Amino acid sequence: MVADITQASTLIEDLSTRTVIGDRGYDADTLEARIHAAGAQAVILPRRNRTEPRVYDRPLYKDRNLVEHFFNRLKQFRRIATRYEKLAQLLVHAQSCVPTFGRRDCQQTLTAC
C-alpha cells in the first residue's frame with residue numbers, strides 16, 4: 001500500500017489554484033514548498049508530532065469538511081445516477097429524495113430497498 005502523499009506532488013504539477021487544502025496526511029515541508037512555488041496557499045492541518053507547529057487558515061480548513069460531506073452524499077445517491085432501482089416507483093421516490101439530502105424518511109426508504 002502506498003500513502004497518498006507520494007502522489008501529491010504529481011497532482012499539483014501545473015495546477016492553477018490559489019489554495020490547496022489537505023489533512024494531516026499531507027503535512028510535509030517538501031509538499032508545502034511545492035505548493036508555495038506554484039503560487040498557492042497551503043492549508044494543511046499540521047501533524048501533532050511537529051516540533052514547530054505550522055500556521056494554517058482554520059476557517060478555510062473547516063470548510064474542507066463541507067466539500068467532503070458533499071461528495072459523500074453524492075456517493076450515497078449513485079444508485080440514482082446508475083439506475084440501481086429495478087422498479088420505476090422506487091426510482092421516482094429516490095429521485096424525489098435527492099434534493100432533501102438529510103430527511104430521515106427518505107434515507108430509511110432508500111436503505112430498505
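Which residue's side chain is joined to that of Glu 68 by a polar contact of 2.6 Å? The partner is Arg 64. The points below begin with the chain as a whole and return to this pair towards the end.

1. Overall architecture. The model under review is predicted. Its secondary structure amounts to six helices and two strands. In sequence order these elements give the pattern α-β-α-β-α-α-α-α.

2. Burial and contacts of the chain. Of the 113 residues, 27% are buried. The exposed area of the chain is about 8700 Å², and carbon and sulfur atoms account for 54% of that area. When contacts between residues at least 6 apart in sequence are considered, 24% of them join residues at least 24 apart.

3. Salt bridges in general. Seven salt bridges are found in a search of the whole structure. As general background, side chains of opposite charge can pair when their charged atoms come close. The next points take up individual pairs.

4. Asp 27 and Arg 50. These two residues form a salt bridge in which the closest N and O atoms are 2.9 Å apart. Asp 27 sits in the loop between β1 (19–22) and α2, while Arg 50 sits in the loop between β2 (41–44) and α3, so this salt bridge ties together parts of the chain that are 23 residues apart in sequence. Both ends of the pair are covered: Asp 27 is buried, with a relative accessible area of 4%, and Arg 50 is buried, at 17%.

5. Asp 29 and Arg 50. Arg 50 also meets the side chain of Asp 29 in a salt bridge, at 2.7 Å from N to O. This pair again links distant parts of the chain, with Asp 29 in helix α2 and Arg 50 in the loop between β2 and α3, 21 residues apart.

6. Glu 32 and Arg 54. A further salt bridge is formed by Arg 54 with Glu 32, where the closest N and O atoms are 3.1 Å apart. Because Arg 54 belongs to the loop between β2 and α3 and Glu 32 to helix α2, the pair ties together parts that are 22 residues apart in sequence. Arg 54 is buried, with a relative accessible area of 13%; Glu 32 is buried as well, at 16%. Salt bridges with shared partners join Asp 27, Asp 29, Glu 32, Arg 47, Arg 50 and Arg 54 into one network.

7. Surroundings of Glu 32. Glu 32 lies in helix α2, which spans residues 29–37. With residues up to four places away in sequence set aside, Glu 32 touches Ala 42 and Arg 54. The side chains of Glu 32 and Arg 54 are also joined by a polar contact of 3.1 Å.

8. Surroundings of Arg 54. Which residues does Arg 54 contact, leaving aside its neighbours within four places in sequence? They are Asp 27, Glu 32, Ile 44, Leu 45 and Pro 46. With Asp 27 there is a polar contact between side chains, at 2.7 Å. The C-alpha atom of Arg 54 is separated by 9.9 Å from that of Val 43, and these two residues are 11 residues apart along the chain.

9. Aromatic pairing. A search of the whole structure finds one aromatic pair. Tyr 56 and Tyr 61 form this pair with edge-to-face geometry, at 5.9 Å centre to centre and with 80° between the planes. Both Tyr 56 and Tyr 61 are buried.

10. Glu 68 in helix α3. The residue named in the opening question, Glu 68, lies in helix α3. Is Glu 68 buried or partly exposed? Glu 68 is partly exposed because its relative accessible area is 36%, and buried status would require a value under 20%. The polar contact between the side chains of Glu 68 and Arg 64 is 2.6 Å.

11. Nonpolar surface patch. Val 67, Phe 70, Phe 71 and Leu 74 make a nonpolar surface patch of about 380 Å². One of these residues, Leu 74, is found in helix α3, which covers residues 58–76. Leu 74 is partly exposed, with a relative accessible area of 39%.

Terms used
Residues are numbered from 1 along each chain as its sequence is written. This is a predicted model: local features need pLDDT of at least 70, side-chain atom pairs count only at pLDDT 80 or more; totals for chains, interfaces and linings use all residues. Side-chain values use heavy atoms; hydrogens and water are left out. Helices (H or I, at least four residues) and strands (E, at least two) are DSSP runs, numbered from the N terminus. A polar contact is a pair of N or O atoms within 3.5 Å; within protein, one must be able to donate a hydrogen and the other to accept it, and residues adjacent in sequence count only if both atoms are side-chain atoms. Contact means heavy atoms within 4.5 Å. Patches are made of residues with over 30% relative accessible area and no salt bridge: like charges are joined within 9 Å, nonpolar side chains (Val, Leu, Ile, Met, Phe, Trp, Tyr) within 5 Å. Accessible areas come from the Shrake-Rupley method with a 1.4 Å probe; for residues, only the protein chains shown count as cover. A salt bridge is a side-chain nitrogen of Lys or Arg within 4 Å of a carboxyl oxygen of Asp or Glu. Buried means under 20% relative accessible area, exposed over 50%, partly exposed in between (1.4 Å probe, protein chains only). Rings of Phe, Tyr and Trp (its six-membered ring) pair if their centres lie within 6.5 Å; planes under 30 degrees apart count as stacked, over 60 as edge-to-face and the rest as tilted.
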